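Work through the exercises below with the sequence and the model side by side. Try each task before reading its solution.

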Amino acid sequence: MQSVYAMHQNNSDNLEKEEKFLFYSIENIQDLYLTMLSSLMEIRNKEEDFLDKSSKKHLATPAERNPNKKFINNAVLQLLAESNSISIALENRKVDAWHLHEEYILILLNEIKNSELYQKYMHNDVNTFEEDKEFISDIFFELIAPNEKLYEYLEDNKLTWVDDIPLVNTHIVKQLKAIKSTDEDFLVPRVFKDSDDKDFARDLFRKTVLNEPELAKEFIDKTPNWDSDRIAEIDTIVLKMAICEFLKFPSIPVKVTINEYLEIAKEYSTPKSSIFINGILDNLIKDFQVSGKLNKAGRGLM
């Protein structure tokens with residue numbers, strides 16, 4: 001949707017160029033994922049370095065010479081540090097954000113150490129994998145993900161990341177909560193489930209852009225009380241993409257299409273857009289069923 005919108009705003013007809021940027025922005029989601037996940041690893045490394053230097057001070061206190069290492073010995077943090085999947089992905093994608101921006105790691109570490117979560121974790125006698133997992137999940141969800149300074153850095157670093165931050169953080173929290181003590185590695189998810197997944201993104205983009213006039217004709221007559229110039233541009237793009245899925249993607253169920261685009265409208269368009277779009281799509285489905293235009297097969301029939 002954003003790529004189609006960008007083409008409109010730039011008055012561009014270079015499909016190949018815009019498609020290339022579409023996939024660039026999708027693949028950058030993994031860079032964001034690795035950046036956020038590696039923040040946990042770098043926070044641990046920074047604290048380990050701090051404890052080591054403190055213990056070697058000339059006038060180190062007994063507490064500094066024999067520090068509480070429960071945080072840096074956290075089993076989940078150890079698993080992340082030893083993960084082949086993460087280290088290979090970081091190397092392949094050349095993600096090394098924190099080497100040049102360690103000030104954000106220090107900000108996060110300081111916030112963690114000043115939190116009640118940290119104080120409770122460090123000063124109890126519980127020492128189990130489940131406690132370690134719950135602690136790391138909680139600090140990521142409550143302290144790292146919502147940190148405003150970190151968000152500002154991510155927003156400035158790559159424009160395409162802005163809309164992906166909630167998605168990536170939610171996925172990381174789910175992964176952290178699902179870790180088992182028997183896991184030998186922490187697997188980095190693929191951007192695309194399979195080749196069909198990538199082909200769908202390409203096909204939806206191309207078929208929407210190349211058929212925009214025909215797709216628009218399907219709903220213009222269904223909005224008699226609306227001048228086409230008064231319909232929000234995002235709404236027209238959402239309608240075209242939904243109609244494209246109705247007519248050109250037989251394996252996608254109608255309900256799935258409608259639900260997906262209503263969510264997009266709620267997120268990116270006007271407060272009343274989802275109601276407007278739902279009404280148009282509902283009427284179109286009835287017309288397509290009567291005229292025989294709606295040819296769904298397989299999963300699309302569900």
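**Exercise 1. Determine whether Ser-137 is buried or exposed, and find what surrounds this residue.**

Solution. Start with the accessible area: Ser-137 has a relative accessible area of 3% and is therefore buried, where buried means under 20% relative accessible area, exposed over 50% and partly exposed in between, computed with a 1.4 Å probe on protein chains only. Next, place the residue: Ser-137 belongs to helix 9, residues 129–144, helices being DSSP runs of H or I with at least four residues, numbered from the N terminus. Then look at the side chain, which has a polar atom 2.9 Å from the backbone oxygen of Lys-133. Finally, leaving out residues up to four places away in sequence, Ser-137 touches Leu-176 and Lys-177, with contact meaning heavy atoms within 4.5 Å.

This is a predicted model, in which local features need pLDDT of at least 70 and side-chain atom pairs count only at pLDDT 80 or more, while totals for chains, interfaces and linings use all residues. Residues are numbered from 1 along each chain as its sequence is written, and side-chain values use heavy atoms, with hydrogens and water left out.

**Exercise 2. Describe the surroundings of Arg-44 in helix 2.**

Solution. The relative accessibility of Arg-44 is 8%, so this residue counts as buried. Beyond its neighbours within four places in sequence, Arg-44 is in contact with Phe-71, Ile-72, Leu-77 and Gln-78. The side chain of Arg-44 also makes a polar contact of 3.3 Å with the side chain of Asn-45; a polar contact is a pair of N or O atoms within 3.5 Å, in which, within protein, one must be able to donate a hydrogen and the other to accept it, and residues adjacent in sequence count only if both atoms are side-chain atoms.

**Exercise 3. Work out which residues of helix 5 (residues 84–92) are buried, and how they are arranged around the axis.**

Solution. First list the buried residues of helix 5, which are Ser-85, Ile-86, Ala-89 and Leu-90. These residues span an arc of only 125° around the axis, so they lie on the same side of helix 5, the arc being that of the directions from the helix axis to the C-beta atoms. Their packing partners are helix 2 (15–55) and helix 4 (75–81), whereas on the other side of helix 5 Asn-84, Glu-91 and Asn-92 are exposed. At the N-terminal end, Ser-83 caps helix 5, with a side-chain oxygen 3.4 Å from the backbone nitrogen of Ser-85.

**Exercise 4. Establish how helix 13 (residues 212–220) is oriented to helix 14 (residues 233–248), and which residues meet.**

Solution. Begin with the axes, lines fitted to C-alpha atoms over the stretch in contact, with angles from 0 to 180 degrees between N-to-C directions. The two axes come within 9 Å and cross at roughly 95°. Helix 13 is therefore roughly perpendicular to helix 14, since angles under 35 degrees count as roughly parallel, over 145 as roughly antiparallel, 65 to 115 as roughly perpendicular and the rest as oblique. Among the residues that meet are Leu-215 and Phe-219 in helix 13 and Leu-239 and Ile-243 in helix 14.

**Exercise 5. Locate Asn-11 and Lys-94, and state the sign of phi for each.**

Solution. Asn-11, in the loop between helix 1 (2–10) and helix 2, has a positive phi of about 50°, and Lys-94, in the loop between helix 5 and helix 6 (97–100), has a positive phi near 55°. Asn-11 is exposed, with a relative accessible area of 71%, and Lys-94 counts as exposed at 69% relative accessibility.

How values were computed:
Helices (H or I, at least four residues) and strands (E, at least two) are DSSP runs, numbered from the N terminus.
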